[in-house]
Amino acid sequence: MSVKQLKETFKQLLAYRSAIVGLCILCFIMGLSIYAVIAIPYEEAIRAWRLGEDVSINNPRNASPSWVNFFLKKKLPETIIMDTLKKESGAKKKIVEGETISVIRIEFPFEFNYDDFPSELNLFFTANYSENAPYITIDWIKPNGATIRLKEMAVKKTDRYYISIDDELAKKLRLYLSEKVGQEIPYEIPPQISLFAVEDESILKPETVQVLKGKYKMVIDGILFEKQSDINSRLVVYGKVFGLAGTDHLRRDLMIGLLWGAPIAVSFGILASISISFLQMIIAAVSAWYGKWADMLLQKATEFFMILPFLPILMMIAIFYKLSIWVLLVVVIALSIFGSGVKTYRAMFLQVKELPYIEAAQTYGAGNLRIIFRYMIPKVLPTIIPSLVLSVSSFVFLEAALAILGLGDPVVPTWGKIINDAYTKGALHQGYYYWVLEPSFLLVLTSLGFALVGFALDKIFNPKLSEM
Amino acid sequence: MRRELFAFLKYAAKRTVTLIVVVILAIYATILVANMGGYVDEIIKAQTRDSIYTSVFQNPAYQHLSTEEKKQLAEQLYQIEIEALGLDKPFIYRSGGYLISALSLNLGRAIYLTSDSGSTAVRNIIAERLPATILLFTTINLTLFFISLVGGLFLSRKYASKLDKAVVTLSPLSSIPGWFYGIFLILIFAAWLGWLPYGGLVDVPPPTNPFDYALSILKHMVLPIFSWLVAYSFIQTYTKRTFFLMFSSEDYVEMAKAKGLPPRLIERRYILKPTLPPIITEFALTLIGSWMGAIVTERVFNWPGIGTLFYQAAVFMDSPVIIGEVTIYAYLLAITVFILDIVYAIVDPRIRIGVSGA
Amino acid sequence: MVKHLLEVKNLYTYFKTRKGIVRAVDNVAFTVEKGETLAVIGESGCGKSSLAKSIIRLLPRNIHTYKGEIYLGNEDLMKLDEKKMNEVRWAKISMVSQAAQNSLNPVIKVGQQVAEPLVIHEGIDKKTALERARKTLSMVGIPEAFAERYPFELSGGMKQRAIIAMALITDPDLIILDEPTSALDVLTQASIMNMLKTIKKETSKTFMFITHDIAVSSELADKVAVMYAGQIVELASAEEFYNKPLHPYSIKLMASVPTLRTDKKLEFIPGAPPSLIDPPKGCRFAERCPWRFEKCMDEPPLFPIDNRSFVKCWLYESKGSFK
């Protein structure tokens, strides 16, 4: 198709409102894809996605997107991180050196004014020493002045204290609060709640427990046994919201997956669609032109592939051979090229074959291949463009389907994979709707974008009814 | 009449032979693909080892032997058996045998999965699940077919009306597969509103009264059916309506009008009847497509059919079931294609008689 | 006065299109007597097919104007409602249309289709109707066995005969043949014309034969009507017409037909027929007429010549000839 024809088609396309909407959507998705590739390089994205927790340890688990707070009356907390290595975070550290031993005090003061409790509470340490590990005590000071000793421990070179899953602490706090209120607390109250709760009767029911707002402080007093010893610490008060898209069960920022899902979905879909359409067209043209044996052979091949159950075989291959998404693409193409499209195109080519200008080409001595590629295929090409565009959607969803069945690429973040994670972790039952809705929304959008443009193209290239 | 019947039988026979050949090739290809990872061999080896060990340990004649001795004996017998089965030879020689087993539906034993009745025979497991799939997807496809047929006819009479434009605008919804809508329908009707169940075949515990049981099944079928209706009814109605409009501008339709035939008769005999071949082609493609779409849909709705079975087998890597299922799918497709070819021949005399005719 | 079999008066048929209103039939009037064959001659696009369809009331969706009087015997067909008109169709007037190749339902056997009008209009049972269909088919030269075949098994000529059989079977008062042979090769054309001639002789049916081919029309015509740009410009008996056409257009048409036995210099008519959307004022042929003069700026009426012929041309204002 010449440039002029392209421009003409484009103009015709713009006459349809639906096509304009579709094109806008596609521009948006393309924009996302380009942004993803530029902002987060491929390797980094894969690494962040695969390593999950290790890389995203500072992120909360299953956090909703931050903008959710806009709609809620009870404001969900953001994550508060204080790191002695980062003075701006508000962490304070002081070492008083003595003759043989030194005393270290680390303070983490912060304000907590949210309406809901943190999801988790973790402390991370790095310590420098040669033989004797430093020894610390960790205290917690609530706005009402109550000081609670959390733990005493030695600090190894890298160490962590998962406060919210410390059972002993939980029991201790439950006892303490029960005494304070004068009644036994009837449920197992976790530390991240008891350390932040208003200490009155409201604490007796998990539905009524309130956040005590105000200034909190964690104080770590430690003894350094060696001259060169040092401790650095990071307190993470995990919130319940994170970023633009929230996080999943492995603390991964869903934005990575959502952004990168775009170029992957689009390239998978477009590559599959174009390869299959073109290969089918060439096969059909050869079959129609050469006739006889070539035709019969190709017809039988088409029937064979029609009986071969596409998805089950694809799944079987994916199960047994653990494929990456690009190998999967090749398999999909290989299984599809003898599909039903070949029959339709062949019918078209049989008609084209009879056209007088084909005969003319033969008489002036044009070779078979030349006729197929220069004369027959260009004639049929416009008719297949609509179905080419439309089928992109189905391939995007094919990849999503495989992911939902747990057979997608195990490494690469795709929208389908996110939905699969959400589904298997019971997102719908637990109310983590955003986890399912966000990738679904993008899938639907992409698919509709291609569909709207494809349908409009179909009306342009294949007008079946002349308007009266 | 006899001439027609003869031509018809010839056609049917030709199609049967072709399809049988194709099925054989397809299943053979499946076996080859499956074993390229050595899986079929692993299955056989594991099953053989299992059965020999069990028989040795349970055989009263060997009771007096120590565990060590029993193990040794079992190993020896196992080696003999392996040689006898030819598992020490390359795969190609054995693939023929597997092919025959698969064709006769002797599909072996599952590794992990069992049927509800306790059998591990793959054939039984699949047979147990097959009816559920057939029930759901036949219902879906027939419903879609009739809705779109009636809708298409209705719309073709009201060309360019508002309803027409509405259906055209909603057709792109079909780019999103039915199972995807399913997820959202579950979100809305099960999670949020709680009106309909999340999935499964019947309520748990299942009602004992057969009438209530049937009703329960119907209740569980609502969302899956609805999800496919949302996805595909618009485009199918639109396609049929376009067919009807195209076919109603044919010359013989005008001739029929000139003949003074009543409009209903014209619609039935001159528009509907000649349009049946492409409509049936479309139905064929949808039906075949739905066997595939079934897998994901069943997974989404936890519908206990062969689709979910496939998913479970994938999770457990239960290769005999996986291979057995692919075989069954090949058969299902072949049967579907065959039935549709026959219907095609019944409906279109050009196929029946062969275009060379007189 | 003997009543005419068909009398058409002041017939107007206009269609609505995106480009404007097409005046396909613009005030047409003529009569056909029983047993007569009226040939309607004209170029493609002059409105003759629309005329045929107007008589049998097969109107497309974009009809704009349809008025006039069409008397079949005593009855004005224009006054009938759709249901009554449907009873008239085929029972009293049948039509063989241009696209014979696609006029037969591809999925129904030929015999059944030919028998169909009998079943619908006369309430005859299927078996008897099929018998009569077979007889009619053999009458048009198709072996009875072919009643069991499907249309795709018949050749083009046979299909055309089958359709003619279908048009005859209800013994209608009037049979309209719209270009029945145009799509066929010359040999088949000849055989079909012969068949029609035989039928005409043996059954004395009334035909309206529409064609662009003057030569073909001469084989059957008793009366000739020449159509140009939606109007009838000449109406004469066959004998008079083929010997001495009167209207300048007819004269030119005749001059362009090759003759076998005489040596004739063939002429052609320069220019093209006017569009039916915005026909020129006055005489529509004036543009291309070598004998035009100032009066042709006004539209001429149909001047009668000896009570049998009519010519729509100012040259015949005073009832003599002009040459």
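1. A quick word on terms before we look around: helices, of at least four residues, and strands, of at least two, are DSSP runs numbered from the N terminus. With that in hand, Arg251(A) is easy to place: this residue sits in the loop that runs between strand S9 (230-238) and helix H6 (254-290) of chain A. Please keep in mind throughout that this is a predicted model.

2. Staying with Arg251(A), its backbone deserves a look, since phi is near 65°, a positive value in a residue other than glycine. Is Arg251(A) buried or exposed? Arg251(A) counts as buried because it has 21 C-beta neighbours inside 10 Å, and the cut-off for that label is 20 or more.

3. Asn62(A) makes a good companion to that case. Asn62(A) is not a glycine, yet it has a positive phi of about 45°. You will find Asn62(A) in the loop between helix H3 (42-51) and strand S1 (80-83) of chain A. Asn62(A) has 21 C-beta neighbours inside 10 Å, and therefore counts as buried.

4. Now for chain A as a whole. Chain A holds 15 helices and nine strands. Its C-alpha trace spans about 105 × 55 × 40 Å along the principal axes. The radius of gyration of chain A is 32 Å, whereas a compact globule of 468 residues would have one near 23 Å. Of the 468 residues in chain A, 41% are buried. If you take the contacts in chain A between residues at least 6 apart in sequence, 71% of them join residues at least 24 apart.

5. Next, the contact between chains A and B. How many residues does each chain bring to it? Chain B brings 44 residues and chain A brings 38. On the chain B side, helices H1 (2-35), H7 (178-192), H8 (210-248), H10 (263-301), H11 (306-316) and H12 (319-347) each supply at least two residues. H1(B) gives the most to this side, with nine residues. By class, the side of chain B that touches chain A has 35 nonpolar residues, seven polar ones and two charged ones.

6. Chain B also meets chain C, where 22 residues of chain B are in contact with 26 residues of chain C. On the chain C side, helix H2 (82-88) and helix H3 (110-122) each supply at least two residues. Which of the elements of chain C gives the most to the side that touches chain B? That is H3(C), with four residues. Sorted by class, this side of chain C comprises 15 nonpolar, six polar and five charged residues.

7. Within chain C, I would point you to Phe285(C), which lies in the loop between helix H9 (248-255) and strand S11 (303-305). Phe285(C) counts as buried because 26 C-beta neighbours fall inside 10 Å. Leaving aside residues up to four places away in sequence, Phe285(C) touches Tyr228(C), Val233(C), Pro248(C) and Tyr249(C). Asn74(C) stands 211 residues from Phe285(C) along the chain, and the C-alpha atoms of the two are separated by 35 Å.

8. Finally, the confidence scores, to keep beside you as you read the points above. Chain C has a mean pLDDT of 84, and 98% of its residues reach 70 or more. For the model, the scores are ipTM 0.81 and pTM 0.78.

Note on methods. Residues numbered from 1 in each chain as written. Chains lettered and ligands numbered in written order. Predicted model: local features only at pLDDT ≥ 70, side-chain atom pairs only at ≥ 80, totals over all residues. Contact = placed C-beta atoms within 7 Å. Nonpolar A, V, L, I, M, F, W, Y, C, P; charged D, E, K, R; others polar. pLDDT = per-residue confidence, 0-100. Buried ≥ 20, exposed ≤ 12 C-beta atoms within 10 Å, placed from the backbone. Rg over C-alpha atoms; globule rule 2.2 N^0.38 Å.
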